[in-house]
Amino acid sequence: MRRVAVVSLVLLGLAPVHAGAQAPRLTPRPPSWVPRPCPAVAPDAGCGTVTAPLDHTGATAGTQTIGFALLRATGARTGTLAVLVGGPGQAGTSVAKSLALELAPVRRSYDVLIVDQRGTGRSGGMSCPSLASATSLRAVTTCGRSLGERRALMTTREDAYDLESVRAAIGLPKLSIYAVSYGTRIAGYYARLFSEHVDRMVLDSPQPIEGPDALETLRQLALPRVLREVCWPPSCRGFLAANPVTGVATLAARLRRAPLKGTVITPSGKRVSGRITSTGLYALTAVSDLDPFLRTRMPSAIAAALRGDAAPILRLAVGLPTSDVGGKEFSTARLLATACVDSRLPWDPAASPAARLSALEQAVTSRPASAWAPFSPTAVVSFSEAAICLGWPSTPRPQGVPQQGPAGVPVLVVSGRDDLRTPLEDARRTAAQYPGAQVLAVPDTGHSVLSSDPTSCTITGITDFLGGGTVAKCAREERQPDIFPYVPAHLANLRPVPGLPAAEGRTATAVGATLLDAIRQAGRLTETGARRVGGLRAGTLTVGARSVTVRGYSLVDGVALTGTVPLTRAATGHLTVAGAAATPGRFTVRAGKLRGMLGTDEVRLAVKLPLA
C-alpha cells in the first residue's frame, strides 16, 4: 500500500479568544463548481472551486480561490467526510488517490471531500524563488516580504473558514471530519467556530489546538518510551543498553566533541566521505517517526557508532534534512507563512526581528537541561522552526480559539505509539479537551497513523467510529519491519552458525545478515520509487519486479554477495559468496532457504526473510 507522507511540522500556539466571542457567519459567493470529472486527481472524483474572502474578518479586501475534490460514496451514502491533510502547505488533492484507497471502507457509506489549503494545489499554489535552494534567514526574509499582505492571511483560522465556505457553497448541513497532523488544528478550529456543522471528528496524530512548543521538547518527552517500545521485544540490552536512551545520550555527547566520519557507498558503488554531527543525530531521531525502516535500524546503528563503526549510521543519514521545514510534497512558502505567525514562538511575531535572537536565547537558557536531554539545546534548536522563523518579517498574530472543544461532538483521537512529534502523551491531553473523546493508540506506528499502520486496526477503528460503533483496541502484531540486529563490522566478531567449522559458520552468519539487509533495502526502495542503493561496505543492490540483483554487495567487511535474491517464495535465485575474509561459496536461494557449497562442505541454511 502506498503511504501518504503527511508530515507534522512544528505549529505552535495562538492568542486565545474571549470565551464569549462569536465567530462571524459566512455568506459565501455561489460556487464556480459544477461537478466535473477530474480522474487525474482520483478515479470518479469531481473537482471544483469556491471563491472565499481573502480575509474573513473583512479587514483586508480580496478573494481566495479554494479548490476541492469530491469522491462519491461507493455504496448508500450516509454523510460526507471532509479530509484535512498536514503541513501546513500540503495539497490534499495531490494525495487523493492514496486517500481513496486508504479510506475505501469508509467510502462505502461516505462521500469524501478533500479541500486544499489556501496557497496549495487547486487553492492557488504559493511559492518563493528565494527558497528554491536554501532556507537561510535571508531567503526566509525575502520570501516573507514577497508575499506582501497575503502572508498574514495564511493561518489556521482562515483555513477553517475556507472549509466552511466550501461546506456552505455545496449545501451540506453537516460534515464529519478526518484530519491528520496540521489538519487536526484546522479541524479543531472548525469545531470550535462551527460546531453546529460538525457531526463527528477523527483526529489522527493531533497537534495541540494552542500549538506545540516551538522548541520541540515534546520529542524529548516521548523519546525514552518510544525507544523502549521500538527495542522490545527482544530489547536492545544485548548490544546497546537496557535503557536505549543511555546509548543515544553517550553517542550525542561524543558527537558534540567531534563529528563521526567514515565512508558511504553511493547507489553507483562509489565510495564517498560522510560525517554526522550531534545535530545530525538529533535530526535522524526527529524524522524516525515517519519511517519505520529508519526507526528499526537506529538502535543497531547507534551501537555500531559507539564501537567506532560509522558506516551504519552514515548510511542512514544520507539525504538527511537540515531543518524541520519543507519537503517536496509541501509548499514551503505556505508552511512558513503559517508557522512563523500562527505559532507559539518565543517572541511576538509582530515584533521587530532584531529582538528575536535574544528572545530565543532567553527561552533556551530558562529551561532545564532535562528539557533537551539526551541532546543539547544547540542540536534541538538548530533543527527547529523557531530557528528558521528568526528571519520572517513582522506580521500580526492572528486570533486564536478557546482551548476547550465543544460538547456534543464525538471525537476519536488516533495516535501512533512511535510518534515523536505529536506523541501519545500529548494526544491524550488533546482528547481531554473534547468531552467523552476516545483514544486509539496504535503499536509500532509513527506519525500519520492511517497511512503508516501496516495492520487493519486503524482503518477498522475509524470506520467503526464513523458508523457509531465500538472502537476496539489495537493489539500488537508481528512487527514489519522488525528491529534490525546489530551486525559487527568484522567477520571475526560474528557468532558462527552452529554445526559448521568456525570460518564457514561465521561466513554463513554474514550471508544471512546480508540477505536480510538486502530484502529490507529492496522494500524501502520499492516504497520510495527508487531502484538502486549502495551496500554498507561495498557493492550495489538493484531491485526489480520479482528479484533483487546484488553485485559485490557487502554488509560485513570482506564478505560480498553477487547474484539474484527472489522477492517471492515461489521464485529461485542464485548467489556467489566471495571476499578477502569469506569462505567462498555458491548457493541456490528459494523461500528463504539456501542450498549449496560453502568451502568444501555442502550446506543448507534457513534465513527468516520478509518475502511475499
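A salt bridge is a side-chain nitrogen of Lys or Arg within 4 Å of a carboxyl oxygen of Asp or Glu. The exercises below concern a predicted model.

**Exercise 1. Salt bridges**

Determine how many salt bridges the structure holds, and establish which parts of the chain are linked by the pair Asp 159 and Arg 334.

*Solution.*
Step 1. The count for the structure is 23 salt bridges.
Step 2. In general, side chains of opposite charge can pair when their charged atoms come close.
Step 3. For Asp 159 and Arg 334, the closest N and O atoms are 2.6 Å apart. The cut-off is 4 Å, and therefore the pair qualifies as a salt bridge.
Step 4. Asp 159 belongs to helix α4 (residues 156–170), and Arg 334 to helix α11 (residues 332–339). The two residues are 175 residues apart, so that this pair links distant parts of the chain.

**Exercise 2. Two packed helices**

Describe how helix α8 and α9 cross, and state which residues make the contact.

*Solution.*
Step 1. Two packed helices are described by the angle between their axes and the distance between the axes.
Step 2. The axes of helix α8 (residues 278–287) and α9 come within 9 Å, and the crossing angle is roughly 145 degrees.
Step 3. The crossing of α8 with α9 is left-handed.
Step 4. On the α8 side, the contact is made by Leu 281, Leu 284, Thr 285 and Val 287; on the α9 side, by Leu 294, Met 298 and Ile 302.
Step 5. By class, the residues of this contact comprise six nonpolar, one polar and no charged.

**Exercise 3. The largest cavity**

State how many cavities of 30 Å³ or more are found, and characterise the lining of the largest cavity.

*Solution.*
Step 1. The search of the whole structure yields eight cavities of 30 Å³ or more.
Step 2. The largest cavity contains about 160 Å³ of space.
Step 3. Its lining has 14 residues, and the closest to the centre are Arg 297, Ser 300, Pro 312, Phe 484 and Leu 536.
Step 4. Two elements, α9 (292–306) and α10 (311–317), give two or more residues to this lining. The most come from α9, with four residues.
Step 5. The lining of the largest cavity divides into 10 nonpolar, two polar and two charged residues.

**Exercise 4. The second largest pocket**

Identify which element gives the most to the lining of the second largest pocket.

*Solution.*
Step 1. The second largest pocket holds about 920 Å³ of space.
Step 2. It is lined by 29 residues; Pro 485, Tyr 486, Val 487, Ala 513 and Leu 516 are the closest to its centre.
Step 3. At least two lining residues each come from α18 (502–528) and β19 (601–606).
Step 4. The element that gives the most is α18, with six residues.

Technical notes. Residues are numbered from 1 along each chain as its sequence is written. This is a predicted model: local features need pLDDT of at least 70, side-chain atom pairs count only at pLDDT 80 or more; totals for chains, interfaces and linings use all residues. Side-chain values use heavy atoms; hydrogens and water are left out. On a 1 Å grid over the protein atoms alone, a cavity is a set of points where a 1.4 Å probe fits but cannot get out, and a pocket is an open set with protein on both sides within 12 Å along at least five of seven lines; lining residues have an atom within 4 Å of a point. Grid points are joined across faces, edges and corners, and a volume is the space filled by probe spheres set on the points. Ala, Val, Leu, Ile, Met, Phe, Trp, Tyr, Cys and Pro count as nonpolar, Asp, Glu, Lys and Arg as charged, and the others, Gly among them, as polar. Axes are lines fitted to C-alpha atoms, for helices over the stretch in contact, and angles run from 0 to 180 degrees between N-to-C directions. A crossing is left-handed if the near helix is turned anticlockwise from the far one by less than a right angle, and right-handed if clockwise. Contact means heavy atoms within 4.5 Å.
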